[in-house]
Amino acid sequence: QVQLVETGGGLVLAGDSLRLSCVVSGGTCDKYGMGWFRQAPGKEREVVAAISWSGNMTAYEDPVEGRFPISRDVAKNTLYLQMNSLKPEDTAVYYCAARGGDNWYSGPYRESNDYDWWGQGTQVTVSS
């Protein structure tokens, strides 16, 4: 059973940076397509960034393009989301997700229904 644990959230000021980490257990992160999602109060969960099984392809939603690079460290079995130039509208609970059954040419995937496993979430609050 794959388990995902996110850390790194917190309360910051607009313009600050945070790095979210997602440690994978029960598998290795280079065997899954993975993504970061977020959910703000009263809103639906939305994708932030995703990385393919191969690690060669990434995808971002427009609001974070160029600000939130996604990456992974296979040796540490960890997925990262580097969050730069944070804005109050980035305030949300951030979730890490993984999907199985991919191959070298699969992904990245942007829909929450595409993912099999989820972390518990970490709160990010950006104050102006």
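Strand β1 has two unlike faces: Leu 4 and Glu 6 lie on the covered face, while Gln 3, Val 5 and Thr 7 lie on the uncovered one. In a regular strand, side chains alternate between the two faces of the sheet. The model described here is predicted.

**The four-stranded sheet**

β1 belongs to an open sheet of four strands, with antiparallel pairing and the order β1-β3-β8-β7. β1 (3–7) and β7 (70–73) are the edge strands; each has a single partner strand, so one side of each is left without a neighbour in the sheet. On average, and with direction ignored, neighbouring strands of this sheet are turned by 20° against each other.

Two of the pairings can be followed residue by residue. β1 and β3 run antiparallel and are joined over five bridges. Within that pairing, Leu 4 has Val 24 of β3 as its bridge partner, and Leu 4 is also one of the residues on the covered face of β1. On the other side of the pairing list, strand β3 (residues 18–25) meets strand β8 (residues 78–83), again in the antiparallel sense, over six bridges. There, Leu 18 is bridged to Met 83 in β8.

**Cysteines**

How many disulfides does the count come to? The count is one disulfide. A disulfide is a covalent bond between the sulfur atoms of two cysteines. In this model, the bond joins Cys 22 to Cys 96, with an S to S distance of 2.1 Å. The link is left-handed, at -75° about the S-S bond. Cys 22 sits in strand β3 and Cys 96 in strand β9 (residues 92–99); the two are 74 residues apart, and the pair links distant parts of the chain.

Why is Cys 29 not bonded to Cys 22? The closest cysteine sulfur to that of Cys 29 is in Cys 22, and at 8.9 Å this is too far for a bond; a disulfide needs the sulfur atoms within 2.5 Å.

Accessibility of the three residues is as follows.

| Residue | Relative accessible area | Class |
|---|---|---|
| Cys 22 | 0% | buried |
| Cys 96 | 0% | buried |
| Cys 29 | 0% | buried |

Cys 22 and Cys 96 form the disulfide. Cys 29 is buried because its relative accessibility is 0%, and the cut-off for buried is under 20%.

Strand β3 thus appears in several of these descriptions: β3 pairs with β1, pairs with β8, and holds Cys 22 of the disulfide.

Note on methods
Residues are numbered from 1 along each chain as its sequence is written. This is a predicted model: local features need pLDDT of at least 70, side-chain atom pairs count only at pLDDT 80 or more; totals for chains, interfaces and linings use all residues. Side-chain values use heavy atoms; hydrogens and water are left out. Two strands pair if DSSP finds at least two bridges between them. Axes are lines fitted to C-alpha atoms, for helices over the stretch in contact, and angles run from 0 to 180 degrees between N-to-C directions. Buried means under 20% relative accessible area, exposed over 50%, partly exposed in between (1.4 Å probe, protein chains only).
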